[in-house]
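New notebook page. I want to look up what sits inside this protein, what lies at its edges, and which rings meet.

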Amino acid sequence: RRVHLGETTLPFRTTEPLKAVLPISPKTGKLLSPSEIAEHEGLSSWWGAAEEIWSANKPPKGSRSFLERINYIHQLSAQLPSASQRVVYTKAGNTITAARVDDVDVIIDHKLYWAATNTVDEARYLVGILNSAAVLERVKPFMAVGLLGPRDVDKNVFRAFIQPYDASNESHVALAEAVAEAEGAASEVNVSGAKTFREKRKFIRAQLEHKGLLSKIETLVLDVVP
């Protein structure tokens, strides 16, 4: 399965997802049970080897099986089947990076939070808000502070008052349209020369700032986020 992590998420776009072996049925799209895993020779062989490593290294008091750990508090099965439109944003770091995901086969994993949306415009509206400096400033007082300053956004982003998307609200629609522009511009930025995902994010933001799109989005966000 294709998998997105924090490192594959850039402002207004994602990079090529990574790949992971996951016990998901290609027919039903649901999580396989241990007996169903055993029916697939290649998967069963890989799974058995991985399960041995997990059993040998899990905490002494840990009672979870390998499958239970992979689906910890249903974080995997909750994505099956996936919505056609999802918004992802980064959990860690001193800025918030958000993007729209429209690949139903992609799994969202470590260092990312995700939410399903009803429409493309709703997803773009949220992506614009989450990428804004305005929302980051409202969230910073609640973030943990490390040696390099505030970090770990986590769910503190919901301390900012984010109104539900309203297709009849001109400001909401204008923000979604501006984000569509930003998505197009971000997709054209060549990030292959960047050595880290942090550099890639800086490349994207620099280009969007140069085109005036970040300031445009920021102004619109201030209209919809008190």
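Before I start on burial: I call a residue buried when its relative accessible area is under 20%. I also note that this is a predicted model.

**Entry: helix α4.** I looked up how covered this helix is. α4 is mostly covered, with eight of its eleven residues buried. I listed the buried ones in α4: Glu122, Ala123, Arg124, Tyr125, Val127, Gly128, Ile129 and Leu130. Then I checked what lies on top of them. The cover over the buried residues of α4 includes β5, β6 (98-101), α5, α6 and α8. I also checked the N-terminal end of α4, and threonine 119 caps it. A side-chain oxygen of threonine 119 lies 3.0 Å from the backbone nitrogen of glutamate 122.

**Entry: strand β5.** Since β5 turned up in that cover, I went there next. Five of the five residues of β5 are buried, so the strand is largely enclosed by the rest of the structure. I sorted them by face: Arg86, Val88 and Thr90 are on one side, Val87 and Tyr89 on the other. Which strands pair with β5? I found β6, antiparallel, joined by four bridges, and β8 (residues 112-116), also antiparallel, joined by five bridges. Valine 87 is a handy marker here: it stands opposite arginine 100 in β6 and opposite alanine 115 in β8.

**Entry: the cores.** I asked how many residues the largest nonpolar core has, and the count is 38. Phe12 and Leu175 have the most contacts inside it. Elements giving two or more residues to this core are β5 (86-90), α4, α5 (133-139), α6, α7 (197-210) and α8 (213-224). α6 gives the most, seven residues. I then looked around phenylalanine 12. Leaving aside neighbours within four places in sequence, phenylalanine 12 is in contact with residues including Ala98, Val127, Val179, Leu208 and Ile217. Apart from the largest core lies another one, of eight residues, with Leu32, Ile37, Leu43 and Phe66 among them.

**Entry: aromatic rings.** I counted the aromatic pairs and got five. In one of them, tryptophan 47 and phenylalanine 66 have ring centres 4.6 Å apart and planes at 45°, so I put the pair down as tilted. Tryptophan 47 belongs to helix α2 (residues 41-57) and phenylalanine 66 to helix α3 (residues 66-70), so the pair ties together parts 19 residues apart in sequence. Are these two buried or exposed? Both tryptophan 47 and phenylalanine 66 are buried. Trp46 joins Trp47 and Phe66 in a cluster linked by ring pairs.

I looked at tyrosine 125 and tyrosine 165 as well. Their pair is tilted too, 5.3 Å centre to centre with 55° between the planes. Tyrosine 125 is in helix α4 (residues 120-130) and tyrosine 165 in the loop between β10 (149-151) and α6 (170-187), so this pair ties together parts 40 residues apart in sequence. Both tyrosines, 125 and 165, are buried.

One more ring to note: arginine 69 lies over the face of tyrosine 72, 5.1 Å from the ring centre.

**Entry: a three-stranded sheet.** Last, I traced an open sheet with the order β4-β1-β7 and mixed pairing. β4 (18-19) and β7 (107-108) stand at the edges with a single partner strand each, so one side of each has no neighbour in the sheet. Two bridges join β1 (residues 2-4) to β7, and these strands run parallel. Valine 3 stands opposite isoleucine 107 in β7.

Note on methods: Residues are numbered from 1 along each chain as its sequence is written. This is a predicted model: local features need pLDDT of at least 70, side-chain atom pairs count only at pLDDT 80 or more; totals for chains, interfaces and linings use all residues. Side-chain values use heavy atoms; hydrogens and water are left out. Two strands pair if DSSP finds at least two bridges between them. Rings of Phe, Tyr and Trp (its six-membered ring) pair if their centres lie within 6.5 Å; planes under 30 degrees apart count as stacked, over 60 as edge-to-face and the rest as tilted. Buried means under 20% relative accessible area, exposed over 50%, partly exposed in between (1.4 Å probe, protein chains only). A charge sits over a ring if NZ of Lys or CZ of Arg is within 6 Å of the ring centre and within 35 degrees of the ring normal. A nonpolar core is a set of buried Ala, Val, Leu, Ile, Met, Phe, Trp, Tyr and Cys residues joined through side-chain atoms within 4.5 Å. Contact means heavy atoms within 4.5 Å. A polar contact is a pair of N or O atoms within 3.5 Å; within protein, one must be able to donate a hydrogen and the other to accept it, and residues adjacent in sequence count only if both atoms are side-chain atoms.
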